[in-house]
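This briefing introduces a structure to a reader who has not met it before. Please look at the sequence and the model first, and then follow the points below, which are grouped by topic.

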Amino acid sequence: QVPLVESGGGLVQAGGSLRLSCAASGRYATGWFRQAPGKEREFVAAISRGGCTTYYADSVKGRFTISRDNAKNTVFLQMSSLNPEDTAAYYCAARANPNPTTREVLYDYWGQGTQVTVSS
């Protein structure tokens, strides 16, 4: 299967910024999901294989930006104006289909996650 490796998580103060990375061996439509303690995993953002189409959850619109690097085998999630409600384990997921989706079940591969903690 396609290995995915997330990185960039850590501790940040409320109002701060953090950038997460999802490295893969090839180009895939990629989504970001997060799961906070005691809550269900939820969709955050997604980007198509070509990088031209993006989706965002309403809760992060205007604060988070998903993008791809020049080689299009690494996907970033730039997070700004972070608040304690953004604290969660963040996961990237990829699918063979080049189109992104907000639906967790449609992704084929998952990374192991990276923890983001926002202090108040």
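Arg41 is partly exposed, with a relative accessible area of 30%, and the side chain of Arg41 meets that of Glu104 in a salt bridge, with 2.3 Å from N to O. The model that holds this pair is a predicted one, and a search of the whole structure finds 1 disulfide as well as 5 salt bridges.

**The chain as a whole**

- The protein chain has 11 strands and 0 helices, so that, read from the N terminus on, its elements run β-β-β-β-β-β-β-β-β-β-β, and the radius of gyration of 13 Å is close to the 14 Å that the globule rule gives for 120 residues, so the chain is as compact as a globular protein of that length.
- The C-alpha trace of the protein chain spans about 40 × 30 × 25 Å along its principal axes.
- Of the 120 residues in the protein chain, 46% are buried, while the chain exposes about 6200 Å², of which carbon and sulfur atoms supply 44%.
- When contacts between residues at least 6 apart in sequence are considered, 57% of them join residues at least 24 apart.

**The salt bridge of Glu104 and Arg41**

- Side chains of opposite charge can pair when their charged atoms come close.
- In the salt bridge of Glu104 and Arg41, the N to O distance is 2.3 Å, and this pair links distant parts of the chain, since Glu104 lies in the loop between β9 and β10 (109-110) and Arg41 in the loop between β4 and β5 (42-47), 63 residues apart.
- Glu104, with a relative accessible area of 29%, is partly exposed, and Arg41, at 30%, is partly exposed too.

**The salt bridges of Asp86**

- Asp86 forms a salt bridge with Arg34, in which the closest N and O atoms are 2.9 Å apart, and the two residues come from distant parts of the chain, with Arg34 in strand β4 (residues 29-35) and Asp86 in the loop between β8 (74-79) and β9 (88-95), 52 residues apart.
- The side chain of Asp86 also meets that of Arg63 in a salt bridge, with 2.8 Å from N to O, and here again distant parts of the chain are linked, because Arg63 sits in the loop between β6 (54-56) and β7 (64-68), 23 residues from Asp86.
- Salt bridges that share partners join Arg34, Glu42, Arg63 and Asp86 into one network.
- Within this network, Asp86 counts as buried at 1% relative accessibility, Arg34 counts as buried at 5%, and Arg63 counts as buried at 17%, a value that falls under the 20% limit for a buried residue.

**The cysteines**

- Cys22 and Cys92 form a disulfide in which the sulfur atoms are 2.1 Å apart, and the link is right-handed, with 70° about the S-S bond.
- This disulfide links distant parts of the chain, with Cys22 in strand β3 (residues 18-23) and Cys92 in strand β9, 70 residues apart.
- Both ends of the link are away from the surface in terms of relative accessible area, for Cys22 is buried at 2%, and Cys92 counts as buried at 0%.
- Cys52 has no such bond, because its sulfur is 18 Å from the closest cysteine sulfur, that of Cys22, which is too far for a bond, whereas a disulfide requires sulfur atoms within 2.5 Å.
- Cys52 is exposed, with a relative accessible area of 74%.

**Strands β7 and β8**

- Strands β7 and β8 pair in the antiparallel sense over 5 bridges, and one of the residues involved is Ile66, whose bridge partner in β8 is Leu77.
- The two strands β7 and β8 form a hairpin with 5 residues between them, and Lys72, in the turn, has a positive phi of about 60°.
- The side chains along β7 alternate, in that Phe64, Ile66 and Arg68 point to one face and are buried, while Thr65 and Ser67 point to the other face and are not buried.
- Ile66 thus appears in two of these descriptions, as a buried residue of β7 and as the bridge partner of Leu77.

Key. Residues are numbered from 1 along each chain as its sequence is written. This is a predicted model: local features need pLDDT of at least 70, side-chain atom pairs count only at pLDDT 80 or more; totals for chains, interfaces and linings use all residues. Side-chain values use heavy atoms; hydrogens and water are left out. A salt bridge is a side-chain nitrogen of Lys or Arg within 4 Å of a carboxyl oxygen of Asp or Glu. Helices (H or I, at least four residues) and strands (E, at least two) are DSSP runs, numbered from the N terminus. Buried means under 20% relative accessible area, exposed over 50%, partly exposed in between (1.4 Å probe, protein chains only). Two strands pair if DSSP finds at least two bridges between them. The radius of gyration is taken over C-alpha atoms; the globule rule is 2.2 Å times the number of residues to the power 0.38. Contact means heavy atoms within 4.5 Å. Accessible areas come from the Shrake-Rupley method with a 1.4 Å probe; for residues, only the protein chains shown count as cover.
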